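Reader: I have the model open and would like to go through it. Can we start with the core and work outwards?

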Amino acid sequence: MIATILPLIGRRLVMSVLILLIVSLLLFLVLHVLPVDPAAMSLPPTATIADIEAMRREMGLDLPLPQQYLIWLSHVIHADFGNSIHFRRSVLSLVGETLPATIELAVLSMIIAAALGIVGGLVMFHVRGSRKEPIADLGSIMLLSIPEFLWALFFILIFGVALQALPFTGRLDPQFRLPQGTGFLLFDALAAGRLDIFWSAFKHMILPCFSLGIAFSPAIMRVLRSSLIDVYQEDYIHLARLRGLSERRILIRHALKNAILPTLSLMGVQFGILFGGTLLVEVIFSYPGLGNLMVDAVRNADLPIIQAVGLAYCVVVLIINTVVDSLYLVLNPKLRVR
Amino acid sequence: MMRRWPAWLRSGRVLIGLTVVSAILFCAIFAPVLAPHDPNEQNLISTFVPPIWAKGGDVAYLLGTDSLGRDVLSRLIYGARVAMLVAVFASLGAMAIGAVLAYIAGYFGGRTDAVIGRAVDVWMSFPPVVLSLILMVGLGVGLRNVVLAIILVDWTRFCRVMRSEVLVVARKDYVAAARLLGFSHWRTIVREIVPASLPLLITLISLEMGIAVIVEAILSFVGMSVSAETPAWGQMIADARQYIYDSPWGLIIPILAIFLAVFGFNILGDGLRRTLDVRLTETQRA
């Protein structure tokens with residue numbers, strides 16, 4: 001089995017690297033048509049024209065575009081993303097500090113989305129053909145119509161402002177300091193044995209994670225429901241019923257096992273979109289992740305950060321896609337024969 | 001009378017969707033007539049007036065006023081203009097690019113298909129929100145650029161879905177028959193394949209309009225959409241968020257507007273999908 005899967009995964013990886021190269025080129029081109037001058041921006045306002053010219057030469061901005069791209073690319077390959085114009089710090093360290101926060105947020109949100117989606121899909125499948133079906137269906141379309149940032153604002157209004165039950169800014173209560181470590185706060189807090197920090201971080205994650213989780217669950221519900229309906233048309237379900245298996249066993253052992261595959265591949269696509277969706281949720285909850293860094297950079301026209309963060313988003317999405325595809329190959333024997 | 005209406009007009013979902021969307025469209029078109037105030041007129045004496053049903057409401061400001069004393073109802077009505085303009089033009093533009101590429105890829109197959117498929121892969125490796133933000137940085141703010149950014153991000157949605165549809169249709173016998181009769185490629189696509197995939201295309205446009213409304217709201221929320229003088233729903237939310245304790249209604253009202261618009265497009269799309277798609281099985285139709 002492994003022998004048949006590995007070359008497919010390998011091909012997928014090569015593809016990802018190629019995609020990343022094209023993405024980096026596109027990013028470079030889009031951001032170089034900008035009407036701002038990074039050299040002038042990185043100097044104090046008292047700088048003379050000659051200073052700016054010198055800076056332009058130093059930053060390589062006087063070279064032709066293809067050459068600039070190659071220089072940038074070779075720096076990127078050596079993990080050198082340059083310095084932020086606005087923060088005056090290394091872009092790599094800025095991205096390194098914020099990326100774990102965003103990954104933590106995205107993974108927890110995806111778990112919530114998957115749990116809600118699977119439960120919701122089973123409920124929608126259960127009520128099929130009954131009088132409750134139109135209600136469940138309408139409900140899922142309504143859920144589908146509320147994007148994550150509206151949930152975020154809604155939750156802040158209810159749980160933050162009206163009930164004052166949960167915090168809605170940042171990652172920690174102000175009396176705590178970020179523990180040193182991986183940057184994955186929940187993990188670091190546990191590793192340091194600080195349950196108080198863990199609890200504070202956990203409370204801060206509830207609203208952002210549920211905003212994303214609920215927003216991304218209805219699509220999973222609907223796909224699971226329709227693939228369950230498809231699977232139930234198959235002969236082996238009838239056969240299982242003839243063998244006298246209980247409905248619960250048929251659902252869990254036979255139907256769900258097959259119906260989960262399309263759902264899984266949807267979840268892979270969803271996770272990529274969810275990862276981008278964290279951007280606005282982070283801004284709304286003042287959560288110090290990639291999204292907030294990106295929006296700050298956009299407002300300050302901080303090109304090195306925009307390029308690096310854009311690339312970071314792509315790398316994560318490509319990794320997710322590759323993992324999901326590989327998982328799909330492992331789980332679905334039908335795809336192994338090529 | 002009802003009998004003679006086409007099936008899609010008898011679907012409850014389509015009717016609900018059409019009603020909601022037409023109501024918003026009506027507001028957008030007749031905004032200058034409907035809005036009781038100038039949306040940008042500030043009245044610094046009466047800021048944070050609550051809506052009429054809350055304590056302290058004022059008949060002059062049915063939905064209250066914001067932090068600068070601007071009439072929320074008028075801003076909401078004018079905001080519908082941006083939302084609808086973006087919804088219509090961005091979805092049509094995205095459809096034009098995505099569908100044309102999908103027809104070419106699905107019909108010709110082979111290397112053409114592979115190239116277009118790779119282009120879609122590259123695009124899909126960018127989360128849509130991030131890509132649209134980066135494009136807005138490159139293009140600069142303004143209504144035309146918002147539409148352009150959404151088109152450049154979302155053509156892949158059409159391309160991906162339509163391509164697999166075209167692949168199925170292009171293998172049908174009647175398409176082969178058309179080719180044997182000596183139809184040109186162009187004529188085969190336009191006369192045989194496009195009509196067969198039209199239901200899906202219409203459904204996708206409706207869903208894309210909802211997505212465009214959301215993306216515009218996101219961009220205007222972070223201040224990267226239309227310029228600040230043009231009222232937009234996302235902008236109203238961003239303003240109101242700073243005064244969440246002073247006036248929660250200022251936040252709730254534009255949230256509801258966005259929800260209603262997206263819900264209208266989604267339920268319309270869902271209704272159209274069910275009534276127009278002949279290949280859906282009976283169980284899914286139920």
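**Core, chains and contacts**

Author: Of the 169 residues in the largest nonpolar core, the ones that touch the most other members are Met294(A), Val309(A), Tyr313(A), Val86(B), Ile150(B), Val213(B) and Ile218(B). Helix H4 of chain B, residues 72-108, gives the most to this core, with 20 residues. Bear in mind that this is a predicted model.

Reader: Take Met294(A). Leaving aside neighbours within four places in sequence, which residues is Met294(A) in contact with?

Author: In chain A, Met294(A) is in contact with Leu279(A), Ile306(A) and Val309(A), and in chain B with Val130(B) and Leu133(B), once neighbours within four places in sequence are left aside.

Reader: OK, back up to the chains. How many helices and strands does chain A have?

Author: Chain A has 13 helices and zero strands. Its C-alpha atoms fill a box of roughly 85 × 55 × 40 Å along the principal axes. Of its 338 residues, 36% are buried. Among contacts in chain A between residues at least 6 apart in sequence, 72% join residues at least 24 apart.

Reader: And what about helices and strands in chain B?

Author: Chain B has twelve helices and zero strands. The box for its C-alpha atoms is roughly 75 × 55 × 30 Å, again along the principal axes. Buried residues make up 49% of the 286 residues in chain B. Among contacts between residues at least 6 apart in sequence, 71% join residues at least 24 apart in chain B.

Reader: Now the interface. How many residues of each chain are in contact with the other?

Author: 37 residues of chain B are in contact with 41 residues of chain A. On the chain B side, H5 (110-124), H6 (128-139), H9 (185-221), H10 (233-241), H11 and H12 (282-285) each supply at least two residues.

Reader: Which helix gives the most to that side of chain B?

Author: H11(B), with eleven residues. By class, the side of chain B that touches chain A has 28 nonpolar, six polar and three charged residues.

Reader: H11(B) also packs against H2(B). At what angle?

Author: About 145°, with the axes of H2(B) (residues 12-29) and H11(B) (residues 248-276) 7 Å apart. The crossing of these two helices is left-handed. On the H2(B) side the contact includes Arg13(B), Val14(B), Ile16(B) and Gly17(B), and on the H11(B) side Leu260(B), Phe263(B), Asp270(B) and Thr275(B) are among the residues. The residues of this contact divide into 13 nonpolar, four polar and two charged.

Reader: Over to chain A, then. How do H9(A) and H11(A) cross?

Author: The axes of H9(A), residues 195-231, and H11(A), residues 247-284, come within 9 Å and cross at roughly 155°. Angles over 145 degrees count as roughly antiparallel, and H9(A) and H11(A) are therefore roughly antiparallel to each other. Their crossing is right-handed. Among the residues making the contact are Pro208(A), Phe216(A) and Val231(A) of H9(A), together with Asn258(A), Pro262(A) and Gln270(A) of H11(A).

Reader: What classes do the residues of that contact fall into?

Author: The contact of H9(A) with H11(A) has 16 nonpolar, seven polar and no charged residues.

Reader: Loops next. Which residue between H7(A) and H8(A) has a positive phi?

Author: Gln164(A), with a phi of about 50° although it is not a glycine. Gln164(A) sits in the loop between H7 (148-162) and H8 (185-191) of chain A. It counts as exposed because it has 9 C-beta neighbours inside 10 Å, and the limit for exposed is 12 or fewer.

Reader: And Ala301(A), what is its phi?

Author: Near 50°, a positive value in a residue other than glycine. Ala301(A) is in the loop between H12 (290-299) and H13 (303-331) of chain A. With 18 C-beta neighbours inside 10 Å, Ala301(A) counts as partly exposed.

Reader: Last one, H8(B). How many of its eight residues are buried?

Author: Zero; H8(B), residues 173-180, is hardly covered. Gly182(B) follows H8(B) and has a positive phi, near 95°.

Notes:
Residues numbered from 1 in each chain as written. Chains lettered and ligands numbered in written order. Predicted model: local features only at pLDDT ≥ 70, side-chain atom pairs only at ≥ 80, totals over all residues. Core = buried A, V, L, I, M, F, W, Y, C linked by C-beta atoms within 7 Å. Buried ≥ 20, exposed ≤ 12 C-beta atoms within 10 Å, placed from the backbone. Helix = DSSP H or I, 4+ residues; strand = E, 2+ residues; numbered from the N terminus. Contact = placed C-beta atoms within 7 Å. Axes fitted to C-alpha atoms, helices over the stretch in contact; angles between N-to-C directions. Left-handed = near helix turned anticlockwise from the far one by under 90°. Nonpolar A, V, L, I, M, F, W, Y, C, P; charged D, E, K, R; others polar. Parallel < 35°, antiparallel > 145°, perpendicular 65-115°, else oblique.
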